[in-house]
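Let's go through this one label by label. Ask what earns each name, and we'll hold the value up against the rule.

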Amino acid sequence: MDAAGSRDTTQGFGDTEAQRLRDVAVAVAQEAAAHVRSRRPEVFGTVGKVVAHGSSVASKSTPTDPVTVVDTESEQLIRDRLATLRPGDAILGEETGGAGDSVAGLRWVVDPIDGTVNFLYGVPTYAVSVAAQIDGVSVAGAVVDVAAQATYAAARGYGATLTTVEGRIGGLRCNPVTDVSMALLATGFGYGTARRKAQGALIGEILPRVRDIRRIGSASLDLCMVASGRADAYFEHGLGPWDWAAGSLIATEAGARVRIPSPRSSSADGDLVVAAAPGIADELDALFTEVGADDPIRET
Ligand code: LIP
């Protein structure tokens with residue numbers, strides 16, 4: 001335990017169920033991230049030597065919503081490792097679904113590559129996200145920044161940590177910002193044209209009222225930016241549960257005020273996800289209500 005009392009920054013030595021689940025999430029996400037890191041140059045080449053994509057890339061909801069062969073490999077690796085470490089546990093994955101409609105009991109919620117467009121283009125901002133939920137509530141989670149080889153992790157009630165590639169472990173806390181006009185916000189956009197038009201209109205209302213906006217292309221890393229103080233808040237409509245299941249817990253355990261959809265929600269519902277440093281949470285909620293950001297943005 002560190003000076004904060006209940007905050008456990010000694011990964012791997014916890015003895016509660018949440019800490020044990022966190023350690024499984026960390027191990028599995030790190031193994032999948034290592035696979036993703038090794039496969040990118042094989043499939044897409046290195047800068048200045050791009051291999052033709054060909055059959056390595058398909059599209060999902062729109063032609064601009066890709067899934068690569070590495071997304072599928074990463075999810076299969078995660079499923080195989082969880083089947084060994086946690087036999088019989090339900091698993092919901094972005095690429096192959098699963099876990100049925102029920103959120104009862106324990107289920108793993110997995111995004112094998114969060115930030116697939118960045119992965120495709122070689123923009124080094126993509127992650128592997130693995131969360132454990134009990135009755136639809138995230139109790140443990142890990143987000144591995146693949147390019148930086150950095151691991152964000154949390155167990156509910158035990159704080160959030162960042163482990164660097166050098167193995168340094170630190171506790172995470174949100175920024176002490178208290179004025180929305182001085183806040184750096186992160187956001188993201190869907191793939192469908194109708195949703196993107198509505199999201200762009202919201203940006204036009206919000207951008208003049210804040211310090212600035214960043215769009216990095218990975219929801220799980222956006223949420224970890226809030227947890228680590230690299231952003232003061234994050235908001236996005238229309239995420240899947242795999243995008244926010246781990247990062248929302250990490251942000252919560254770092255002190256953020258987090259708003260997430262029902263665990264049964266889907267990207268099509270267009271619900272809003274928000275994570276905000278506590279000093280601006282009320283003012284940001286009022287701004288979102290004023291500009292109409294609280295309402296879902298469905299794909300029409
Ligand atoms: C991505 C999210 C991101 C969002 C993108 C996309 P994917 O997830 O992490 O926040 O803005 O449109 O949904 O598709 O790379 O797993």
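Q: Which residues line the largest cavity?
A: T187, G188, Q199, L202, I203, F235, E236 and H237 do. They count as lining because each has an atom within 4 Å of a cavity point. One caveat up front: this is a predicted model, where local features need pLDDT of at least 70 and side-chain atom pairs pLDDT 80 or more, while totals for chains, interfaces and linings use all residues. Numbering runs from 1 along each chain as its sequence is written, and side-chain values use heavy atoms, with hydrogens and water left out.

Q: What makes it a cavity rather than a pocket?
A: On a 1 Å grid over the protein atoms alone, a cavity is a set of points where a 1.4 Å probe fits but cannot get out; a pocket is an open set with protein on both sides within 12 Å along at least five of seven lines. The largest cavity holds about 40 Å³, and the count at 30 Å³ or more is one. Volume here means the space filled by probe spheres set on the points, which are joined across faces, edges and corners.

Q: Which elements supply at least two residues each to that cavity lining?
A: α4 and β14. Those labels are DSSP runs numbered from the N terminus: helices are H or I with at least four residues, strands E with at least two.

Q: How much space lies in the largest pocket, and which residues are closest to its centre?
A: About 940 Å³. Of its 46 lining residues, E94, Y191, G238, D243 and S267 are closest to the centre. β6 (106-114) gives the most to this lining, with four residues.

Q: Why is this pocket said to lie between two domains?
A: Domain 1 (7-171) and domain 2 (180-291) both give residues to its lining, so the pocket lies between them. The bounds come from an automatic or database domain assignment.

Q: How does the pocket lining split by class?
A: 14 nonpolar, 17 polar and 15 charged. Ala, Val, Leu, Ile, Met, Phe, Trp, Tyr, Cys and Pro are nonpolar, Asp, Glu, Lys and Arg charged, and the others, Gly among them, polar.

Q: What makes the ligand's pairings with E94, A219 and D243 polar contacts?
A: The rule wants a pair of N or O atoms within 3.5 Å. A ligand oxygen is 3.1 Å from a side-chain N or O of E94, and one is 2.7 Å from a polar backbone atom of A219. For the D243 side chain the distance is 3.5 Å, so that pair still meets the cut-off. The ligand alone exposes 380 Å², and the protein buries 93% of that (Shrake-Rupley areas, 1.4 Å probe).

Q: Which residues come nearest to the ligand?
A: D114, G115, F189, A219 and E236, out of 17 around it; "near" means a heavy atom within 4 Å.

Terms used:
A polar contact is a pair of N or O atoms within 3.5 Å; within protein, one must be able to donate a hydrogen and the other to accept it, and residues adjacent in sequence count only if both atoms are side-chain atoms.
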